[in-house]
Amino acid sequence: MSNPFGNFLKSKLDEIQKRNPRFSFRSLAKKVSISPGCLNELMHGKRPLSEFYASKIVLGLELGVEERNQVYAMIATRSRKFNVQKRLTEQQLELLSSWEHFAILNLMRIPQFQSSEKWISQRLGIPVEKVQHSLDLLMNLGFIKMHGNTFVRTVASLGTTSDIPSHALVQAHVSDMNKAIEVLKVTTPDRRDYSAITLAFNPEKMTEVKALIKKFRQRLSLLAEEGEPSEVYNLNIQFFPLTVPVK
């Protein structure tokens with residue numbers, strides 16, 4: 001039986017070994033952060049390729065857009081929990097510029113989730129009226145639906161524009177940062193991590209800095225998805241100038 005993913009992985013291994021003959025299958029497993037046994041099962045079709053493992057492969061091998069889409073297209077049908085990532089329009093982002101909308105979407109991912117407005121209100125520490133408004137909005141936008149008496153997501157994740165001026169995106173960042181200040185004041189250090197560093201910076205390195213931050217976010221997301229989730233967290237990264245440009 002044909003195994004497109006196995007063929008793809010073997011071709012990538014051969015490609016790397018041409019540059020580095022000492023690079024082994026175990027080296028490949030380490031590079032993509034998947035155990036050798038599990039990677040072997042994926043390679044030989046004994047384990048279906050899921051979105052979780054596909055993301056590890058894409059990130060670990062630093063695949064370009066074309067190969068990345070190729071891998072995601074090979075995800076086993078029974079492993080597809082959602083549709084592909086949806087990019088928000090400016091109008092949709094304006095409606096979703098408050099942190100609680102994304103919090104509710106991710107709360108739906110934890111096994112203990114209850115389709116109760118009161119339960120959601122207690123878990124997020126917000127008024128029931130705010131929960132009702134958010135659920136109505138998410139429903140109207142088509143990002144959630146009712147399955148029987150249960151709220152379920154209809155999208156895997158939501159993306160925004162990148163490096164394009166957006167008033168709605170600025171408002172969304174402000175909402176996240178205000179929430180971060182609020183949580184800092186009432187949460188003990190064992191449940192959160194806040195850190196900062198001030199440094200002299202060469203602006204010509206901004207593209208590289210953004211790439212490093214993006215890679216870190218992706219790796220943290222994969223780590224966070226391991227095991228069984230029980231809480232919803234927000235990763236909020238800022239890298240901004242303290243000096244005014246010389247004219």
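This is a conversation about how the terms used for this predicted model are applied to its residues.

Mentor: Residues are numbered from 1 along each chain as its sequence is written, and side-chain values use heavy atoms, with hydrogens and water left out. Because the model is predicted, local features need pLDDT of at least 70 and side-chain atom pairs count only at pLDDT 80 or more, while totals for chains, interfaces and linings use all residues.

Trainee: How many helices and strands are there in the protein, and what makes a run of residues a helix or a strand?

Mentor: Eleven helices and four strands are present; both are DSSP runs numbered from the N terminus, a helix being H or I with at least four residues and a strand being E with at least two.

Trainee: Why is S121 called buried?

Mentor: Buried means under 20% relative accessible area, exposed means over 50%, and partly exposed lies in between, with a 1.4 Å probe and protein chains only. S121 has 10% relative accessibility, so this residue counts as buried. S121 lies in helix 8, where the buried residues of the run 117-124 are W119, I120, S121 and L124.

Trainee: What covers the buried residues of helix 8, and what does S121 touch?

Mentor: The cover includes helix 7 (99-107), helix 9 (128-140) and helix 10 (167-186). Contact means heavy atoms within 4.5 Å, and, not counting residues up to four places away in sequence, S121 touches I126, P127, V128 and V131.

Trainee: What makes the pair formed by the side chain of S121 and the backbone oxygen of I126 a polar contact?

Mentor: A polar contact is a pair of N or O atoms within 3.5 Å, where within protein one must be able to donate a hydrogen and the other to accept it, and residues adjacent in sequence count only if both atoms are side-chain atoms. The side chain of S121 reaches the backbone oxygen of I126 at 2.4 Å, so the distance falls within the 3.5 Å limit. Just after helix 8, G125 takes a positive phi of about 65 degrees.

Trainee: How do you know that strand 2 and strand 3 pair?

Mentor: Two strands pair if DSSP finds at least two bridges between them, and strand 2 (residues 144-147) and strand 3 are joined in the antiparallel sense over four bridges, so the condition is met. In strand 3, V152 is the bridge partner of K145 and R153 that of I144. The two strands form a hairpin with two residues between them, and G148 in the turn has a positive phi of about 70 degrees.

Trainee: Which side chains of strand 3 are buried?

Mentor: Along strand 3 (residues 150-153) the side chains alternate, with F151 and R153 pointing to one face and buried, whereas T150 and V152 point to the other and are not.

Trainee: Is G60 buried or exposed?

Mentor: G60 has a relative accessible area of 5% and is therefore buried. This glycine lies in helix 4 (residues 51-60) and touches K31 and V32, not counting residues up to four places away in sequence. G60 and K215 are 155 residues apart in sequence and 9.8 Å apart in space, C-alpha to C-alpha.

Trainee: How much of the protein is buried?

Mentor: Of the 247 residues in the protein, 31% are buried.
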